[in-house]
Every structure is written in structure tokens, then in C-alpha cells.
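Here are a few short exercises to work through with the model open beside you. Try each task before you read its solution.

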Amino acid sequence: MKRIAFFDLDGTLCQGNTLVLGDGLVEAFDQLRENEVQPVIASGRSLYEVKELFQKLKIENFILAGGGYASLSGKTIINKTFSKPEIETILALTEKHDSPIGYFNQQGYAVTRLSERVKAHAVHMEIKGLTISPDFYQTNAVNYMNLYLDEQTEAKIDTILEKLVDRMRFSPLALTVSPKNVSKGKAVQIMLEQLSELAVETYAFGDNDNDVSMFQIVDHGIAMSDATEQLRNHATYVARSEHGVLEGLKYYGLIS
């Protein structure tokens, strides 16, 4: 039986938002391949941010932008983007509340303008060299956006946003929004359908609420020790140590 393991990055393979791999993970991924377990990255990050990390882990297949972009065997199988009218509707909505926006695709990003919240979020996510381009979306695809607004403002516009986008808040500084019906779980499902394997045993490793949809699809969901309560409730195994990925891999016999 073929085995596939899906891995979140921030807070799972990597320490916080640093994109620094935990100890022993490069060797663990080598051992996975030796044991005929296919590793797949499933992250909210974009390709331009993680190319170096992918080289270290020898990653060929991946899901990015929270499920909005995916590549299998060198072929793009998902590339969900906002239409210009959708972006302009959201721009008009956020401008009423004096909230900048960040545009993100697989090649880069830009923000509509700087603010203290934008700068603080860039530090939090270790984003360097902020590009300011209000009209970025006019000539570039946009897989997802960050709305730099607080939770009180979000609550005021949530009823409208709900009809336009899927949304997830990872920090008090920004709300991440994606085209409707985008999630890691849907991307996992599409990838598995593309593989056309009759018998596949699947695993997912994560720490946050945006990993829940993955856990709902796979056979085994491994939550990190500091995972959110919602994710823990969907896990088949919750790590006890700070080395949750290695612990989970060993628990299920994927590595020795």
C-alpha cells in the first residue's frame, strides 16, 4: 500500500514562523523516502518563501497558499486566484475602515501601503523588504490576501466578507482571506484523486485550525503538542513532546 504524509510548515516542521527546520527533520525525510513514504508539504506560505527549504527536504510535491496552489510531479494542479472585481470589492470595503491589504502569489507579494500594523506583521512573519504597490493585482495573479485590520473591525464586516471569501486569522495583526472553497483539505483530496492510487494510507501533521480540513481527509492526523483545541479534537494522535513530527512518524512506524 502506498503511503503519503502531508506536513504543515509554520509551527509543525518549522519553529514558529521562522522557516527554520526542527532538529533531525532532513534526515527523517530521507528515511521516509527510503521507506517508500511520499512526503508532501501543505502550507499557507507561497513558493517564493520556501524554495530553499524545499531543496533541503528534497520536496517535489506540495500544497501552498492554504490550498490555493498545488504542484504534483512538476505540474501545477491547482492555482486558485481572485478576480479583479472580487479584489476591488474587498478593497472598497477595507478602505472604509482605513485598513491596508497585502497581495500574495507564488512569485512575490505587495502591500497597498505601509502602516504600523503592516510593519509589525512583517516582523512577526519574518517578511523582509516590503514592496508597496496598490495596483499589484492589475498585472499579477493573487492567490490570497492579508487584510491588516483588528478583530473588532473584522467583526463589523464579517457578514459581508463571509459571502466573498474564506478567511482565517493566524495573528491579531492580519486576517488572511482566500477565494471561496479553498482549503488544505480540498487540495489534499484533489492531489489524491490525481494520483489515482487504489490503496493509499494517508497522514497529516499540523498545529493550527487551517489544518483541520486536512485531518478530516486523511487516515491519521497528528497534532503538535501545542496545537489548537479544535485541531486536537480531530487528531488521531497528539504529540507529547516538542518534537511532535518525529514523535508522530515513529508512533506510526513511518521511520525508526
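A residue counts as buried when its relative accessible area is under 20%, and as exposed when that area is over 50%. Keep in mind that this is a predicted model.

**Exercise 1.** Decide whether Ser178 is buried or exposed.

Solution. Start by finding the residue: Ser178 sits in strand S10, which covers residues 174–178. Next, take its relative accessibility, which is 11%. The cut-off for buried is under 20%, so Ser178 counts as buried at its 11%.

**Exercise 2.** Find which residues Ser178 contacts, leaving aside neighbours within four places in sequence.

Solution. Look for heavy atoms within 4.5 Å. With those sequence neighbours set aside, Ser178 touches Phe82, Asn143, Tyr144, Val165 and Asp166.

**Exercise 3.** Work out why the chain is described as being as compact as a globular protein of its length.

Solution. First, survey the fold: the chain has 10 helices and 13 strands. Then compare two values: its radius of gyration is 18 Å, and the globule rule gives 18 Å for 256 residues, so the chain is as compact as a globular protein of that length. For the overall extent, the C-alpha trace spans about 55 × 35 × 35 Å along its principal axes.

**Exercise 4.** Describe the burial and the surface of the whole chain.

Solution. Begin inside: buried residues account for 51% of the 256 residues. Now move outside: the chain exposes about 12,000 Å², with carbon and sulfur atoms supplying 46% of that area. Finish with charge: the mean positions of the 25 positive and 34 negative charges lie 4 Å apart.

Methods: Residues are numbered from 1 along each chain as its sequence is written. This is a predicted model: local features need pLDDT of at least 70, side-chain atom pairs count only at pLDDT 80 or more; totals for chains, interfaces and linings use all residues. Side-chain values use heavy atoms; hydrogens and water are left out. Helices (H or I, at least four residues) and strands (E, at least two) are DSSP runs, numbered from the N terminus. The radius of gyration is taken over C-alpha atoms; the globule rule is 2.2 Å times the number of residues to the power 0.38. Buried means under 20% relative accessible area, exposed over 50%, partly exposed in between (1.4 Å probe, protein chains only). Accessible areas come from the Shrake-Rupley method with a 1.4 Å probe; for residues, only the protein chains shown count as cover. Lys and Arg count as positive and Asp and Glu as negative; His and the chain ends are not counted. The place of a charge is taken as NZ of Lys, CZ of Arg, CG of Asp or CD of Glu.
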